[in-house]
Amino acid sequence: MLKKIRKSSSRVTLVLIGLAGLAGCGNDDRRDVYASREDCLADWGNKPEDCTPASDSRHANRGFFYGPSYTHRSSSGSSYGRSSGSSSRSIGSSSSSSSSSSSSSSRGGFGSSARSSSS
Amino acid sequence: MKREQLVPRIDWPRKVEELGFHFHTIDGVYWDERACYRFTSAEVDKLELATGELQSRCIDAATQVIEKGDYERFRIPEAFIPLIEQSWNDDEKSLFGRFDLSWDGSGEPRMLEYNADTPTALLEASVVQWYWLQDVFPGHDQFNSLHERLIDRWKEMAADFPADRLVHFACVAESAEDQGNLDYLRDTAMQGGLETKALDMADIGWDGRRFRDLEDQAITVLFKLYPWEWLAREDFGQHLLARTVRVVEPAWKMLLSNKAILPVLWEMFPDHPNLLPAYFEPGKFATDFVKKPLYSREGANVSITSGGRTLEEPGEYGEEGFIWQGYHALPQFGGNHTVIGSWIVGEEPAGIGIREDDSPITRNSSRFVPHHFA
């Protein structure tokens with residue numbers, strides 16, 4: 001009798017995300033984005049100096065807040081200084097150097113629809 | 001197909017976060033291993049067969065639309081029709097897609113829709129539930145060869161890419177879910193031998209001739225977790241028409257991700273056992289039907305009319321029009337409405353992910369429940 005072929009992957013290894021790597025649409029120096037100041041404060045130990053109104057054009061007009069800059073640690077999903085013991089209340093994160101390019105290219109021509117694109 | 005209750009692994013949050021799965025809790029429970037679904041081998045075979053059949057019929061439908069120039073009902077901006085045809089004629093390869101199926105283990109699986117452009121819930125289907133299987137049912141099997149197939153597909157696609165094999169990956173970085181899915185896809189591309197860089201959609205630059213990343217490097221292949229219909233309407237959309245960048249998913253997937261494909265399929269294959277009746281006109285159904293916007297995600301603006309009552313999800317879609325589909329109630333297991341997301345990688349069935357919701361409309365927050373079979 002023929003042995004039934006398995007339908008699951010024989011091995012699943014990760015080289016970028018998880019324990020071995022980093023995550024993100026950019027570099028790993030980042031700030032978490034929050035829908036409200038309260039969520040930010042709850043994540044960062046109620047220190048008002050850590051939660052500032054978003055200034056980036058993608059976030060500013062939506063009333064979002066940034067937490068402090070940190071180096072992302074993808075192995076734990078947490079960040080230096082963030083309150084432990086619960087999941088983050090952030091709605092995402094932003095690369096803090098994402099607008100540092102000195103190129104002559106114009107930018108911002110994509111992304112304005114800015115709703116979650118998943119389905 | 002049975003739903004089984006389980007005691008979650010004690011340290012499951014740490015385990016899944018080690019896999020890069022940081023969005024396991026969205027507005028409450030998202031990854032839910034308090035239960036799982038158990039299939040028989042025959043049931044999995046049936047799902048695989050139905051998924052492959054639907055993929056073939058969708059390719060047939062796209063072929064007919066393109067050959068007949070039948071684009072009007074899709075409400076796609078006219079300027080982008082040549083791009084669709086060029087990508088089709090050049091055989092630009094698709095990476096993946098996900099059918100949403102309604103099935104309770106008996107009869108035939110029915111296609112609710114095809115998420116052919118920006119499907120998500122991939123990391124949890126491919127990686128997280130695979131590791132769950134190793135911990136909880138190590139001797140059992142799972143309908144999930146996503147990881148291997150994605151790596152192999154990237155290798156196939158790389159043959160059509162420029163010699164530097166560099167692919168830029170872009171999404172809306174503020175969405176943790178999108179970012180998690182993008183990171184995983186980038187991981188599989190790297191394992192497929194590609195060079196990769198990541199950036200936010202808003203950081204894509206245009207220098208008058210080429211798209212550029214933040215280091216001014218030309219973007220020649222772009223994987224975007226961002227809908228084509230948004231690209232087409234945004235300021236830089238017109239620059240895509242010059243085809244200086246190869247986009248994954250290819251432009252022809254605009255046809256399959258559009259709900260207009262549902263009535264087109266029904267016109268071509270009436271009474272197909274894996275399809276539901278669907279029409280462009282209202283009034284075809286006397287009683288139970290679902291009204292869906294041509295463009296819609298996560299159940300937004302979908303309304304179900306059944307038993308004289310209408311349930312509608314809010315949203316911002318519908319401007320381009322709607323289609324009407326026969327209502328096929330999702331099966332309920334333990335009071336949960338269950339939908340099966342059945343994946344295609346390349347052209348082949350590759351595995352499933354199961355979502356549950358208290359509502360009959362599957363939403364962004366619908367819980368992901370792992371599965372196994374023996």
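In this predicted model, B:Cys171 has a relative accessibility of 0% and therefore counts as buried. B:Cys58 is buried too, again with a relative accessibility of 0%. The structure holds one disulfide over all chains, and this link is found in chain A, where A:Cys40 is joined to A:Cys51 with an S to S distance of 2.1 Å. The pair ties together distant parts of the chain, 11 residues apart: A:Cys40 belongs to helix α1 (residues 37-43) of chain A, while A:Cys51 sits in the loop between α1 and β2 (52-53) of chain A. An angle of -90 degrees about the S-S bond makes the link of A:Cys40 and A:Cys51 left-handed. Both ends of this link are hidden from solvent by the cut-off of 20% relative accessible area: A:Cys40 is buried at 0%, and A:Cys51 is buried at 5%. As a reminder, a disulfide is a covalent bond between the sulfur atoms of two cysteines.

Turning to chain B, an open sheet of three strands follows the order β1-β2-β20, and its pairing is mixed. The strands β1 (2-5) and β20 (371-373) of chain B stand at the edges with a single partner strand each, so one side of each is left without a neighbour in the sheet. From one strand to the next, the twist averages 35 degrees. Strand β2 (residues 35-39) of chain B runs parallel to β20(B), and three bridges join the two. Within this pairing, B:Phe39 has B:Phe373 of β20(B) as its bridge partner. Helix α2 (residues 41-68) of chain B packs on the sheet, where it touches β2 and β20 of chain B, and its direction makes about 90 degrees with that of β2(B). A further helix, α4 (residues 122-136) of chain B, lies across β2 and β20 of chain B and runs at about 55 degrees to β20(B).

Helix α2 of chain B also takes part in a charged contact with chain A. Over all chains, the structure contains 35 salt bridges. In one of them, the side chains of A:Lys7 and B:Glu48 meet at 2.6 Å, N to O. Because A:Lys7 lies in the segment before β1 (29-34) of chain A and B:Glu48 in helix α2 of chain B, this pair joins two chains. The partners differ in burial: A:Lys7 is buried, with a relative accessible area of 14%, whereas B:Glu48 is partly exposed at 23%.

Another salt bridge brings together the side chains of B:Asp216 and A:Arg107, at 3.7 Å from N to O. This pair crosses between chains, from B:Asp216 in the loop between β8 (211-212) and β9 (221-224) of chain B to A:Arg107 in strand β6 (residues 106-107) of chain A. B:Asp216 is partly exposed, with a relative accessibility of 31%, and A:Arg107 is likewise partly exposed, at 26%.

Within chain B, the side chains of B:Arg73 and B:Asp70 form a salt bridge of 2.9 Å, N to O, and B:Arg73 is partly exposed with a relative accessible area of 23%. Salt bridges with shared partners also join B:Asp90, B:Glu92, B:Lys93, B:Asp160, B:Arg243 and B:Arg246 into one network. Of this network, B:Arg243 is placed in the loop between α7 and β10 (246-248) of chain B and is partly exposed, at 32% relative accessible area. Leaving aside neighbours within four places in sequence, B:Arg243 is in contact with B:Leu83, B:Gln86, B:Ser87, B:Asp90 and B:Glu92. By contrast, the C-alpha atoms of B:Arg243 and B:Gly20 are separated by 34 Å, with their positions 223 residues apart along the chain.

Two of the contacts of B:Arg243, B:Leu83 and B:Ser87, are among the buried residues of helix α3 (residues 81-89) of chain B, which are B:Ile81, B:Leu83, B:Ile84 and B:Ser87. These four cover an arc of only 165 degrees around the axis, which puts them on the same side of α3(B). An α-helix has 3.6 residues a turn, so residues three or four places apart point the same way. The buried residues of α3(B) pack against α2, α7 (228-233) and α8 (253-256) of chain B. Just after α3(B), B:Asp91 adopts a positive phi of about 55 degrees.

Note on methods. Residues are numbered from 1 along each chain as its sequence is written. Chains are lettered from A and ligands numbered from 1 in the order in which they are written. This is a predicted model: local features need pLDDT of at least 70, side-chain atom pairs count only at pLDDT 80 or more; totals for chains, interfaces and linings use all residues. Side-chain values use heavy atoms; hydrogens and water are left out. Two strands pair if DSSP finds at least two bridges between them. Axes are lines fitted to C-alpha atoms, for helices over the stretch in contact, and angles run from 0 to 180 degrees between N-to-C directions. Contact means heavy atoms within 4.5 Å. A disulfide is a pair of cysteine sulfur atoms within 2.5 Å. Buried means under 20% relative accessible area, exposed over 50%, partly exposed in between (1.4 Å probe, protein chains only). A salt bridge is a side-chain nitrogen of Lys or Arg within 4 Å of a carboxyl oxygen of Asp or Glu. The arc is that of the directions from the helix axis to the C-beta atoms.
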